[in-house]
Amino acid sequence: MKRICFVLYFLLSFTSLNAQDFYLALGANISYEDHGMSNNSYFEIEDIYQLGFQVGSAMELKLNQTVSFFPQAYFTMKRNKSILNVNIDDQIKSKMESSLNQFSMDVPLHMKVNFNIEKTNLFVLMGPYFNFFLFDVNELIMDGNKVEGDLFEMNYWSKIDYGLNIGFGAHINRYLVMLSYDHGFSRKIKVENPISNEELETTIYPLNSFKLTVAYKLKS
């Protein structure tokens, strides 16, 4: 699978040779997990936000004076820590702490719309994104005991996130300063219960992210 990500990155870099503008980019992100559940009398979830990063490249293919196709590719680390407290009528109590450090190749495929406010060059971004999983470094602690290995084995394709990305930014000389948001789509997958070997259906919730990125233009 690493080969697929390498080829994807190579194709983006190769295509950029014919791009009108080519950028190198670096930024930071804050991610949170859409748990699919809200706090109630039995469950209480706390997200602890942690800083991640992204580094990569982008190119701009101008369709006209206002609209551009703006694909990007980033090596990204997203981090998230969450604490789940369970209390069912004081009969069943449990505490689960999970720490996620996910490394992936993020590929936003934006349309970029430029506009001016007085003398400031601004733009908005919108389009789909794909998050190609590379590897992760996770920790799960249940009631003070560390859980070794994954609870469920998943195939690679189940670990690919996708969704919509929106953002805005400004042109400052040869720099782009961008603030964007990844909103991933949840999806149902089938996994095997490691104890009973039965096939189960579960829902995968993505990491949604706020990203601040600065890009430097190398080629015009």
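**Exercise 1. Describe how strand 5 pairs with strand 7, and follow strand 7 onward to its next partner.**

*Solution.* Begin with strand 5 and strand 7 (residues 139-142), which pair in the antiparallel sense over four bridges; here strands are DSSP runs of E with at least two residues, helices are runs of H or I with at least four residues, and both are numbered from the N terminus, while two strands pair if DSSP finds at least two bridges between them. As a point to locate in this ladder, take E97, whose bridge partner in strand 7 is I141.

Next, go from strand 7 to strand 8 (residues 145-147), to which it is joined by three bridges in an antiparallel arrangement. Within this pairing, M142 stands opposite N145 of strand 8. Finally, look at the turn: strand 7 and strand 8 form a hairpin with two residues between them, and D143 in that turn has a positive phi of about 55°.

Before going on, note that this is a predicted model, in which local features need pLDDT of at least 70 and side-chain atom pairs count only at pLDDT 80 or more, whereas totals for chains, interfaces and linings use all residues. Residues are numbered from 1 along each chain as its sequence is written, and side-chain values use heavy atoms, with hydrogens and water left out.

**Exercise 2. Place these strands in the chain as a whole, and list the pairings of strand 4 with strand 2, strand 3 and strand 5.**

*Solution.* The chain has one helix and 13 strands, and the helix comes at the start of the order, followed by the strands. Of the contacts with a separation of 6 or more, 70% are between residues 24 or more positions apart, where contact means heavy atoms within 4.5 Å.

Now take the partners of strand 4 in turn. Strand 2 (residues 43-49) pairs with strand 4 in the antiparallel sense over seven bridges, and the partner of Y49 in strand 4 is N80. Strand 3 is joined to strand 4 by eight bridges, again antiparallel; K62 stands opposite S68, and a hairpin of four residues links the two strands. With strand 5, strand 4 shares 20 bridges in an antiparallel arrangement, and S82 stands opposite S98 there.

**Exercise 3. Decide whether Y74 of strand 4 is buried or exposed, and describe its surroundings.**

*Solution.* Y74 counts as buried because its relative accessibility is 4%, and the limits are under 20% relative accessible area for buried, over 50% for exposed and partly exposed in between, with a 1.4 Å probe and protein chains only. For the whole chain of 220 residues, buried residues make up 38%.

The next step is to look at neighbours. Leaving aside residues within four places in sequence, Y74 is in contact with residues including A25, Q54, S104, P108 and M178. The C-alpha atoms of Y74 and A25 are separated by 8.2 Å, although their positions lie 49 residues apart along the chain. The side chain of Y74 also makes a polar contact of 2.8 Å with the side chain of Q72; such a contact is a pair of N or O atoms within 3.5 Å, of which, within protein, one must be able to donate a hydrogen and the other to accept it, and residues adjacent in sequence count only if both atoms are side-chain atoms.

**Exercise 4. Identify the residues closest to the centre of the second largest pocket, and show how N114 is connected to its surroundings.**

*Solution.* The second largest pocket has a volume of about 280 Å³. On a 1 Å grid over the protein atoms alone, a pocket is an open set of points with protein on both sides within 12 Å along at least five of seven lines, and lining residues have an atom within 4 Å of a point; a volume is the space filled by probe spheres set on the points. Of the 21 lining residues, the closest to the centre are E60, K62, K112, N114 and H171.

The largest share of the lining, four residues, comes from strand 5, the strand in which N114 is found. The side chain of N114 makes polar contacts with the side chain of K112 at 2.6 Å and with that of H171 at 3.3 Å. Not counting residues up to four places away in sequence, N114 touches several others, among them E60, S68 and F123.

Conventions. 1 Å grid on protein atoms, 1.4 Å probe; cavity = no way out; pocket = protein on both sides within 12 Å on 5 of 7 lines; lining within 4 Å.
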